[in-house]
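Open the model in your viewer and keep the selection box at hand. Each stop below gives a selection and says what is there.

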Amino acid sequence: MADPLTYTKKPRSYSGTAIICFASAALSLTLLMLVPVLAFLAAVAAVVSGVVARGELKANPSMTGFGLSLAGFLLGAGILGVKFIPTIAVWLLVAANT
């Protein structure tokens, strides 16, 4: 019988891209009221890295981080959709009418 104190399963590694995705989405949320330009760039980085992380995780099923990449992608896309797309649309409408 095997020793119960030995760890027989190999630990799974996290996807670095998924961690970057979630961190940039959290940074975007933090910077939303302070520095909107940096918040926009961080949200775009979260969406792009979320898509890359999802592809990486599908290609390598031994890695974890699916939830982090999904949360970062949705948070980044939500910030872009709620805050920045209407702002850019208003800027374009004002520019078209002047």
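The tour goes from annotated spans to an aromatic pair, then on to single residues and a surface patch.

**Stop 1: the annotated spans**

Keep in mind that this is a predicted model. Select residues 20-48 and then residues 68-94. UniProt, in an unreviewed entry, lists both as "transmembrane region". How far apart are the end C-alpha atoms of residues 68-94? They lie 38 Å apart, and that span is 100% helix and 0% strand. Now go back to residues 20-48. Here the end C-alpha atoms are 10 Å apart. The span is 86% helix, with 0% strand.

**Stop 2: the aromatic pair**

Select Phe40 and Phe84 and show their rings. A pair of aromatic rings is described by the distance of the centres and the angle of the planes. The model has one aromatic pair. In it, the ring centres of Phe40 and Phe84 are 5.2 Å apart and the planes stand at 70°, so the pair is edge-to-face. The cut-off for that class is an angle over 60 degrees.

Colour the two helices next. Phe40 belongs to helix α2 (residues 36-59), and Phe84 to helix α3 (residues 66-97). The partners are 44 residues apart, so the pair links distant parts of the chain.

Are the two rings' residues buried or exposed? Phe84 counts as buried, at 9% relative accessibility. Phe40 is partly exposed, with a relative accessible area of 29%. The limit for buried is under 20%, which is why Phe84 passes and Phe40 does not.

**Stop 3: along helix α3**

Select Leu80, which also lies in helix α3. Leu80 is buried, at 15% relative accessible area. Add Cys21 to the selection and draw a C-alpha distance. Leu80 and Cys21 are 59 residues apart along the chain, and their C-alpha atoms are separated by 14 Å.

**Stop 4: inside helix α2**

Select Ala42, found in helix α2. Its relative accessible area is 7%, so Ala42 is buried. Add Leu31. The C-alpha atoms of Ala42 and Leu31 are 8.8 Å apart, with the residues eleven apart in sequence.

Move on to Ser49, again in helix α2. Ser49 is buried, with 10% relative accessible area. Which backbone oxygens does the side chain of Ser49 reach? One is that of Ala45, at 2.7 Å. Another is that of Ala46, at 3.3 Å. Show Ser49 as sticks and both distances can be drawn.

**Stop 5: the surface patch**

Switch to a surface view. Select Leu34, Val35, Val37, Leu38 and Leu41. Together these residues make a nonpolar surface patch of about 480 Å². Leu41, one of them, lies in helix α2.

**Stop 6: helix α1**

Finish at Phe22, in helix α1 (residues 16-31). Phe22 is partly exposed, with a relative accessible area of 34%. Add Arg54 and draw the last distance. Phe22 and Arg54 are 32 residues apart along the chain, and their C-alpha atoms are separated by 12 Å.

Key: Residues are numbered from 1 along each chain as its sequence is written. This is a predicted model: local features need pLDDT of at least 70, side-chain atom pairs count only at pLDDT 80 or more; totals for chains, interfaces and linings use all residues. Side-chain values use heavy atoms; hydrogens and water are left out. UniProt positions are given in the numbering used here, feature names are shortened, and annotations may be inferred rather than shown by experiment. Helices (H or I, at least four residues) and strands (E, at least two) are DSSP runs, numbered from the N terminus. Rings of Phe, Tyr and Trp (its six-membered ring) pair if their centres lie within 6.5 Å; planes under 30 degrees apart count as stacked, over 60 as edge-to-face and the rest as tilted. Buried means under 20% relative accessible area, exposed over 50%, partly exposed in between (1.4 Å probe, protein chains only). Patches are made of residues with over 30% relative accessible area and no salt bridge: like charges are joined within 9 Å, nonpolar side chains (Val, Leu, Ile, Met, Phe, Trp, Tyr) within 5 Å. Accessible areas come from the Shrake-Rupley method with a 1.4 Å probe; for residues, only the protein chains shown count as cover. A salt bridge is a side-chain nitrogen of Lys or Arg within 4 Å of a carboxyl oxygen of Asp or Glu. A polar contact is a pair of N or O atoms within 3.5 Å; within protein, one must be able to donate a hydrogen and the other to accept it, and residues adjacent in sequence count only if both atoms are side-chain atoms.
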